[in-house]
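Visitor: I would like to learn how to read helix faces, buried side chains and pockets from a set of coordinates. Could you take me through them one at a time?

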Amino acid sequence: MRIGNKAFLNSLEFLKKRLAEFTGFLLIFISGIFIFSLTKYSPDSPSFILNPERLDLKNYFDSFSNAISDIFLQSFGLISFVIGISILLWGFNLIFEKKINKLLSKFFFTLIYISTGCLFIYIFNNNSFWLIHHGNAGFVGEKSFNLIYDYFPVIENNISKFTLIILFFTFFVLSSGINYKKIL
């Protein structure tokens, strides 16, 4: 009976590790497609959201990827690329560590670095000829800036920019699960 129980536990552990690896590869694949669709984005391309009258249902993947890209780029601006990098790093962590550590805190840190990154880009350089509707920071950066500027008008000074970039990188590292001890 003990040998059968041990074999069952070993099989279960084996399946957990393979599921974690499969999920890691899936996240890497999704992040690759996501980053590719962000680089391929054009506001003139038809999607389900923009220009639906020009939509070609034979090219479903392009329409879908353009719609996803439009949502992320108009919401978060250039920080969308960093979101794709985070998903890529989560996939690598799952493949190599074979477990998910502190999932809720990673999502929380992701929300913080998205907010601080969008705010930093809005303050630093929001002009864009590519993202014509909300600029490089997306509407999250614009709304965050307007909310904070009402109560803290010195947000545009250099100390605030430096603080925001430090917060962005700190929370990006915490969210992505980058182990700086292993890197050093």
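**Reading faces, burial and pockets**

Guide: Let us start with a helix, keeping in mind that this is a predicted model. On the face of α5 turned away from its buried side sit the exposed residues Lys-143, Leu-147 and Asp-150.

Visitor: Which residues of helix α5 are buried?

Guide: Within α5, which spans residues 138–151, the buried positions are Gly-138, Val-140, Gly-141, Ser-144 and Phe-145. Viewed down the axis of α5, these buried residues fall within an arc of 125°, and so they line one face of the helix.

Visitor: Is Ser-86 to be read as buried or exposed?

Guide: Ser-86 counts as buried because its relative accessibility is 1%, where the cut-off for burial is under 20%. This serine is found in helix α3, and, leaving aside residues up to four places away in sequence, Ser-86 touches Tyr-113, Phe-172, Ser-175 and Ser-176. The C-alpha atoms of Ser-86 and Gly-177 are separated by 8.8 Å, although the two residues are 91 apart along the chain.

Visitor: And what does Ser-31 touch?

Guide: Ser-31 lies in helix α1 and, with residues up to four places away in sequence again not counted, touches Gly-84, Ile-87 and Leu-88. Ser-31 likewise counts as buried, because its relative accessibility is 1%.

Visitor: How should I approach the pockets, and what volume does the largest pocket have?

Guide: The general idea is that rolling a probe the size of a water molecule over the atoms shows where empty space is left. Here the largest pocket has a volume of about 490 Å³. Its lining comprises 20 residues, of which Asn-93, Asn-101, Lys-106, Leu-174 and Gly-177 are the closest to its centre. The elements giving two or more residues to this lining are α1 (2–39), α3 (79–97), α4 (103–124) and α6 (158–176). By class, the lining of the largest pocket divides into 10 nonpolar, six polar and four charged residues.

Visitor: Which residues lie nearest the centre of the second largest pocket?

Guide: The second largest pocket, with a volume of about 290 Å³, is lined by 18 residues, and those nearest its centre are Ile-30, Phe-34, Phe-72, Ile-83 and Ile-87. At least two lining residues come from each of α1, α2 (60–76), α3 and α4.

Visitor: How many charged residues does the lining of the second largest pocket have?

Guide: The lining of the second largest pocket has no charged residues, its members being 14 nonpolar and four polar, whereas the lining of the largest pocket includes four charged residues. Ile-87, one of the residues nearest the centre of the second largest pocket, is also among the contacts of Ser-31.

How values were computed
Residues are numbered from 1 along each chain as its sequence is written. This is a predicted model: local features need pLDDT of at least 70, side-chain atom pairs count only at pLDDT 80 or more; totals for chains, interfaces and linings use all residues. Side-chain values use heavy atoms; hydrogens and water are left out. On a 1 Å grid over the protein atoms alone, a cavity is a set of points where a 1.4 Å probe fits but cannot get out, and a pocket is an open set with protein on both sides within 12 Å along at least five of seven lines; lining residues have an atom within 4 Å of a point. Grid points are joined across faces, edges and corners, and a volume is the space filled by probe spheres set on the points. Helices (H or I, at least four residues) and strands (E, at least two) are DSSP runs, numbered from the N terminus. Ala, Val, Leu, Ile, Met, Phe, Trp, Tyr, Cys and Pro count as nonpolar, Asp, Glu, Lys and Arg as charged, and the others, Gly among them, as polar. Buried means under 20% relative accessible area, exposed over 50%, partly exposed in between (1.4 Å probe, protein chains only). Contact means heavy atoms within 4.5 Å. The arc is that of the directions from the helix axis to the C-beta atoms.
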